[in-house]
Each structure stands twice: as C-alpha cells, then as structure tokens.
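Student: I would like a close look at one part of this model, the pocket and its lining. Please then carry on from there to the strands, the sheets and the cysteines.

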Amino acid sequence: MGLRFGIKRIWMGIAIALFTVGAAVTASGASTVHSLNVIVSNNGGEGDLEEPSILVTPSSCQMTEVSWSKEVEDWKPGKAVFGYLTIAADEGRIFQQTYKSSKCSISGADFRSASADDEDPSVLHVTIKYTPSVQLGITEEAGWSDEKKTIAKWKKVPHATMYEVRIYQNETWVKTLEVTATSVDIRPYIQQAGDYYYQVRAKGRTDEERRYLLTGEYVLSSDMLTVDSDTLGETGGRWMNYQEGKKYRTEEGTNPTSQWMMIMGCWYAFDENGYARTGWFYDETRAHWYYFDAQGEMQTGWLQLEHSWYYLNSEGEMVTGWLQANPGEWYYLNPDGTMAVDTVIEEVYQIGGDGKCLTSLPVGNNGN
C-alpha cells in the first residue's frame, strides 16, 4: 500500500512538470534572439557630414526606426550624438529583456543600452553614441603666393586643422612639414640648384582628431620653382646668432661686412660689424630706402607697417609718387613712402579709402 502510494506520487510529479513545460512553450511560442550586431558606417562625401548607414544582423532582425539627439544639420565633426534605434524581430522571434555589449555588438559607434519593449518583446530599443566623421576634401589651388615661388600656398579645406606638405627637389623627397596655416615658406629647404615642387593634403592635428577628420588626398602643386646657382647665391655658409643680431659665416670662414649678399635666394645687407640689417635702411650709394624683416631678408611688393602701406619694387627700393600696381589701378605714395588715402593729389586726383585713385590720370602719365 505504501509502495503503490509512493509510485503514484512520483507519476503525479512528472505529470505536473510536463504540464508546466508545455505551458511555457505554449505561452511564448517563439525563439529568442540571443545576440545581434549593429554596423554604423559613414556615408558622407568629401567635406560633407551626413547621417550614417546602419546595418543590423542577423537577417531575422530589421531596423525600423532611428532618431538622433541632434538634427543632422547641426552635427559637427568630433562632437558625439546619441542615436536611438528601434529593431524588430521576425515573426516567431523575441528579444531578451536586456543585452550587454558582448551580445549586442556595435561597430562604428559605442554601445550604451539595449532592452526589449515593455509591451512587445519582438521589438528592441538600442541606444548608441556616435561621433560624426568627415572625409576631408582636396587642397584646391595649390600654388605659390609670391613671384619668386618660394611661399607655397593653397586654399583652406573645410574642417581641416592641419596640412601635411611634402617638398621635392628633382623628384627626390626633401622634407615633410606639418603646418596649421594655408601657406609655408620653403626657402629653408632649398639647399642646391634644381626643380622644386610640393604635395599637400588636409588632415587632423592630433591622432584623436584623425579618428573623425579623415585625411584627404595629396594634391600636387600647379607649378614648380626652378633654382639655378645664380638665383641661390651663397649656399655653403651658416648663420651665427648673437644678442645683437645674426651674422653669416661663409664657407671660407669670413663674415661679410658693409655689403650686400644674396644667400639662399634672398638679399641681405650687412652693417660694418657684420650684422644683418633689419627694418628700414637707406643705402647712400644707391640712394634708396629698403626694408628688411626680422630675419634680415629684403622685402619686395606691398608692405604694411602698423597702419600704413608701402610699396617696394622688385629691386627692394621704396617707391614714391604714382604707382600702377595693376593695369588701370593707380596709387600715390607720399614722399615718406606711405600710401595716400582719402585725399586729393595735385588738387585734381581723388584718392579713395583703399588708396586707389578714383580719377583717371592724364594720358601719358607713367607714375613717375
């Protein structure tokens, strides 16, 4: 009697267990998505910030909706935004209540959270942190800013914070520079005669910036600088810096004094003590004023000092009187060399605020 009652209780336990399992399968009737992958890809063209494309795997899961914490037009490279994804599972499948990053893998963005919808477990809500990136465009108008073709210059690239410049001489690499400006002086790297040119591309300033400012393509300069021995002048010496200024020691070991000298393609004037002159200098032999920058290099073309403009011709001589800088554009330089503005010259010729003469000059007036 006791044995029969024990067996009966065992069979009743088995029956209850089977009923419970059967009820669970019947209640869900669906298989669970144990893991999924979300791939976020940058879609923007050169210089464009666009909404990324998003791919979800496995194929039994589809993204049905995405929204962002900021409007796309307000995005900036490197400034993170949050994305809110709604993912739906195929019929007969449901999501777990929550997922960790190991089971909801995010590529191209950072995982923040993933949880099933409270009312519909076949819907998953995923939050990601996305850092917008941009493919930097090409550096347009890569050319030169001066007649001597010694200052490399190019057009600013939107979003770029640095430029990489490669200098070549006769197809041989000379130097790679990183600059934040849109121009660079290549004269320090001209050591011998030959044909010089450069390549330039836009990039981010730091490794962190380069994660979202994608480096642009190299652009070749539109022209090259041809340097011969006569153009370079002295090349074999070296500069010596002192508290009073700097001197040049020639290859023979001498210091030029009270003379002019072309060094590496630039003109310098040395005083009686051998120091390179800076600022204004009146050469009594030539009877002209010249201006030398802080490095001692003679200047040419337009020169702005404080609030005044001056013009130095191709020989470096300060110009006075009438000047035709471009066809049809006349300026008047006062006896001290400053450009006249907002005045009348010779009681006839009206000068504007930008220094241009607003009155036609008489035929035959050559500016002298």
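Tutor: Strands are DSSP runs of E with at least two residues, numbered from the N terminus. The model is predicted, so local features need pLDDT of at least 70 and side-chain atom pairs pLDDT 80 or more, while totals for chains, interfaces and linings use all residues. Residues are numbered from 1 along each chain as its sequence is written, and side-chain values use heavy atoms, without hydrogens or water.

In the lining of the largest pocket, strand 23 (266-270) and strand 27 (308-312) each supply at least two residues. A pocket here is an open set of points on a 1 Å grid where a 1.4 Å probe fits, with protein on both sides within 12 Å along at least five of seven lines, and lining residues have an atom within 4 Å of a point. The space in the largest pocket is about 530 Å³, the volume being that filled by probe spheres set on the points. Its lining has 18 residues, and Asp-146, Glu-147, Lys-148, Thr-300 and Gly-301 are the ones nearest the pocket centre. By class, six lining residues are nonpolar, seven polar and five charged, with Gly counted as polar.

From the pocket, strand 23 leads to strand 22 (residues 259-263), to which strand 23 is paired antiparallel over five bridges; pairing requires at least two DSSP bridges. One of the bridges is between Met-261 and Tyr-268 of strand 23. The two strands make a hairpin with two residues between them, and Met-264 in that turn has a positive phi of about 50°. Four of the five residues of strand 22 are buried, which leaves the strand mostly covered; buried means under 20% relative accessible area with a 1.4 Å probe. Cys-266 counts as buried because its relative accessibility is 5%.

Elsewhere, strands 4, 5, 9 and 8 form an open sheet in the order 4-5-9-8, with antiparallel pairing. Strand 4 (61-68) and strand 8 (110-116) are at the edges and have a single partner strand each, so one side of each lacks a neighbour in the sheet. Neighbouring strands in this sheet are turned by 20° against each other on average, direction ignored, the angle being taken between axes fitted to C-alpha atoms. Inside the sheet, strand 5 (residues 81-89) and strand 9 (residues 123-130) run antiparallel and are joined by eight bridges. Tyr-84 has Thr-127 of strand 9 as its bridge partner.

A further open sheet has three strands in the order 3-2-7, with mixed pairing. Its edge strands, strand 3 (53-57) and strand 7 (104-107), pair on one side only. The twist from one strand to the next averages 15°. Strand 2 (residues 36-41) runs antiparallel to strand 3, and five bridges join the two, with Ile-39 bridged to Leu-55 of strand 3.

As for the cysteines, the structure holds zero disulfides, a disulfide being a pair of cysteine sulfur atoms within 2.5 Å. Cys-104 is in none, and the nearest cysteine sulfur, that of Cys-61, is 9.5 Å away. Cys-104 counts as buried because its relative accessibility is 0%.

One more strand residue is Val-134, in strand 10 (residues 134-135). Val-134 is buried because its relative accessibility is 0%. Between Val-134 and Thr-206 there are 15 Å in space, C-alpha to C-alpha, although they are 72 residues apart in sequence.

Notes: Axes are lines fitted to C-alpha atoms, for helices over the stretch in contact, and angles run from 0 to 180 degrees between N-to-C directions. Buried means under 20% relative accessible area, exposed over 50%, partly exposed in between (1.4 Å probe, protein chains only).
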